[in-house]
Amino acid sequence: MGSCKDQEDKQVKCVYVDGAIIVGAGPSGLAVSACLSEQGVPSLILEKSDCIASLWQHKTYDRLKLHLPKQFCELPLFGFPNNFPKYPTKQQFIDYMESYASHFSIHPKFKQAVLKAVFDHSSGSWKVQTQDCEYISKWLIVATGENAEPVKPEIFGIDKFNGPVVHTSEYKSGSVFRNQRVLVVGCGNSGMEVSLDLCRNNAIPHMVVRNTVHVLPREMFGFSTFGVAMALLKWLPLKLVDKLLLLMANITLGSTEQLGLRRPKTGPIELKNVTGKTPVLDVGALSQIKSGKIKVMENLKEITRNGAKFTDGQEKEIDAIVLATGYKSNVPSWLQGCDFFTKEGMPKTPFPKSWKGDCGLYTVGFTKRGLLGTAFDADKIAKEISDQWRSISDCNKSCNSHVILLKKS
Ligand SMILES: Cc1cc2nc3c(=O)[nH]c(=O)nc-3n(C[C@H](O)[C@H](O)[C@H](O)COP(=O)(O)OP(=O)(O)OC[C@H]3O[C@@H](n4cnc5c(N)ncnc54)[C@H](O)[C@@H]3O)c2cc1C
Ligand SMILES: NC(=O)C1=CN([C@@H]2O[C@H](COP(=O)(O)OP(=O)(O)OC[C@H]3O[C@@H](n4cnc5c(N)ncnc54)[C@H](OP(=O)(O)O)[C@@H]3O)[C@@H](O)[C@H]2O)C=CC1
Ligand SMILES: O=C(O)C(=O)Cc1c[nH]c2ccccc12
């Protein structure tokens, strides 16, 4: 059991959690908490923000919709309402998360940023430090996500730029960029969708494409591309499925090469499985590229006071920059003394074995497979912890509360 005698003076209080500690109240944290609860195992979620699904509530743009059909974005045990459309909006997804949390009576502790977590071998428990409390438990479930921090690459000259520079996690709507020339750095789903949103608000996006990229239609002949891929994968080998997807993409979208969007040699699903790089599922950006409203630019050479220089020698005046350069995990900044994660904060063993570490450490939502991966992890973790839970002493289970205050301030 956890003990508080070695606490530092600044420590305010110390709490023993009889059950699992989950770090992060995004879809992954909620899903694993629900699955544990279904198995009769209590848990406590520590969330640094002030709400559930903070990525969705605070760090996404207004026009965002799920780009996979809802049946592929459902959390375990409690699905989307029937009246939701095939591709729910961001607000509908948030509403679903809220009702999911209330259905399972999940009450995260908000404004608890986990600053440090370490396994204490002498007590056989995890010590999890937030800004004002230490939490102790046998099980630590990491649910802080693959998108915990924005990636903001160093771009030569960007500090001299006169206009605003925002990351897509801060971008809400193109309405503030009306009639402005906006440099969008990056051409993943965020870069494409922000460029489209800028177009729809009469801004002039210039999108930097430094590498190859797979663009697929969101739907093929009325069926979601993702659904088609999943169905074909049940019968056909991956490489053949990729060939068929690319064939159908060429029929529906035409060749993307002439538009400056070269395709990788590896097929879209194989690339997603191997590297995690998500294919762009087109929701309209491609036709704006074809019509010249979104301008595709080569890689950046440098940013100047009021413009950008590109590797092909072009120069453009620009008014604002949107960094659509992706996200990264933050696990290495707080999880200590454990070699389960790479220095990039991803599990060293990939899906489907990424959910389980040593000494009661688990991870949910680090599969590079979106919410489907989350559902898989949550189910596995809950089954395993509940087996352990059932085999430990009845003393634990007879307590009225699963959160026990060991030391006050
Ligand atoms: C714009 C966008 C659209 C997406 N659309 C889809 C989609 O349509 N379908 C799909 O399957 N996937 C999609 N994804 C992938 C996305 O990662 C998942 O949808 C989902 O949000 C992942 O859930 P998560 O709980 O693992 O991570 P997150 O949603 O990022 O939640 C992690 C939580 O942990 C908290 N946290 C982080 N660090 C700490 C700490 N140190 N202490 C305490 N709390 C902490 C965060 O505040 C956050 O609330 C999208 C991602 C983005 C960025
Ligand atoms: N509607 C939806 O459901 C949406 C889903 N998402 C999801 O969110 C996740 C994150 O997507 P996203 O934010 O697009 O991030 P990604 O990591 O997918 O894409 C980042 C992009 O930025 C480029 N980039 C990075 N650094 C630089 C640089 N220094 N110079 C030029 N280009 C650079 C990358 O190029 P390179 O490939 O060369 O590294 C890549 O094109 C994905 O899983 C995505 O599917 C995002 C938006 C909408
Ligand atoms: O939207 C995302 O980021 C996802 O990761 C969802 C997803 C999982 N597997 C995929 C394969 C192709 C396109 C999107 C996804």
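A polar contact here is a pair of N or O atoms within 3.5 Å. Keep that cut-off in mind for the ligand views below, and note that everything shown comes from a predicted model.

**View 1. Ligand 3 and its polar partners.** Let's start with K272: a polar atom of its side chain sits 3.1 Å from an oxygen atom of ligand 3, which is within the 3.5 Å limit and therefore counts as a polar contact. H67 also brings in a polar side-chain atom, at 2.6 Å from an oxygen atom of ligand 3. G370 does it with its backbone: one of its N or O atoms lies 3.5 Å from a ligand 3 oxygen. On its own, ligand 3 has 360 Å² of accessible area, and the protein covers 78% of it.

**View 2. The shell around ligand 3.** Which residues are around this ligand? They are H67, L68, F226, K272, T278, P279, L281, R369 and G370. Sorted by class, that shell has 4 nonpolar, 3 polar and 2 charged residues. Both domains chip in: domain 1 (2–148 + 329–405) and domain 2 (151–326) each supply at least three residues of the shell around ligand 3.

**View 3. Ligand 1 and its surroundings.** There are 28 residues around ligand 1, and the ones that come nearest are S28, E47, S54, N147 and L371. E47 places a polar side-chain atom 2.7 Å from an oxygen atom of ligand 1. W56 joins in too, with an N or O atom of its side chain 2.9 Å from a ligand 1 oxygen. For N330 the partner is a nitrogen atom of ligand 1, which lies 2.9 Å from a polar atom of the N330 side chain. How much of ligand 1 does the protein bury? Of the 990 Å² that ligand 1 exposes when taken alone, 91% is buried by the protein.

**View 4. Ligand 2 and its surroundings.** Here 20 residues surround the ligand, with K65, S190, R210, N211 and K277 the closest. R210 has a polar side-chain atom 2.8 Å from an oxygen atom of ligand 2, while the side chain of E193 has an N or O atom 3.2 Å from a ligand 2 nitrogen. A324 uses a polar backbone atom, 3.1 Å from an oxygen atom of ligand 2. The protein covers 77% of the 930 Å² of accessible area that ligand 2 has by itself.

**View 5. Where the two domains meet.** The protein splits into domain 1 (2–148 + 329–405) and domain 2 (151–326). Their C-alpha centres are 31 Å apart. How many residues of each domain are in contact with the other? The count is 18 from domain 1 and 24 from domain 2.

**View 6. The nonpolar cores.** As a rule of thumb, nonpolar side chains in soluble globular proteins tend to be buried together. In this model, the largest nonpolar core has 75 residues, and L36, I141, M192 and I385 have the most contacts inside it. Domain 1 (2–148 + 329–405) and domain 2 (151–326) each give this core at least three residues. Zoom in on I385 and you'll find that it touches A20, L36, V41, W139, I141 and Y362, leaving aside residues up to four places away in sequence. There is also a second, separate core of 23 residues, with V17, L46, V142 and F340 among them.

Conventions
Residues numbered from 1 in each chain as written. Chains lettered and ligands numbered in written order. Predicted model: local features only at pLDDT ≥ 70, side-chain atom pairs only at ≥ 80, totals over all residues. Heavy atoms only, no water. Core = buried A, V, L, I, M, F, W, Y, C linked by side-chain atoms within 4.5 Å. Buried < 20%, exposed > 50% of the residue type's maximum accessible area, 1.4 Å probe, protein only. Domains from an automatic or database assignment. Contact = heavy atoms within 4.5 Å. Near = heavy atom within 4 Å. Polar contact = N/O pair within 3.5 Å; in protein donor to acceptor, adjacent residues only side chain to side chain. Areas by Shrake-Rupley, 256 points an atom, 1.4 Å probe, with all protein chains shown as cover. Nonpolar A, V, L, I, M, F, W, Y, C, P; charged D, E, K, R; others polar.
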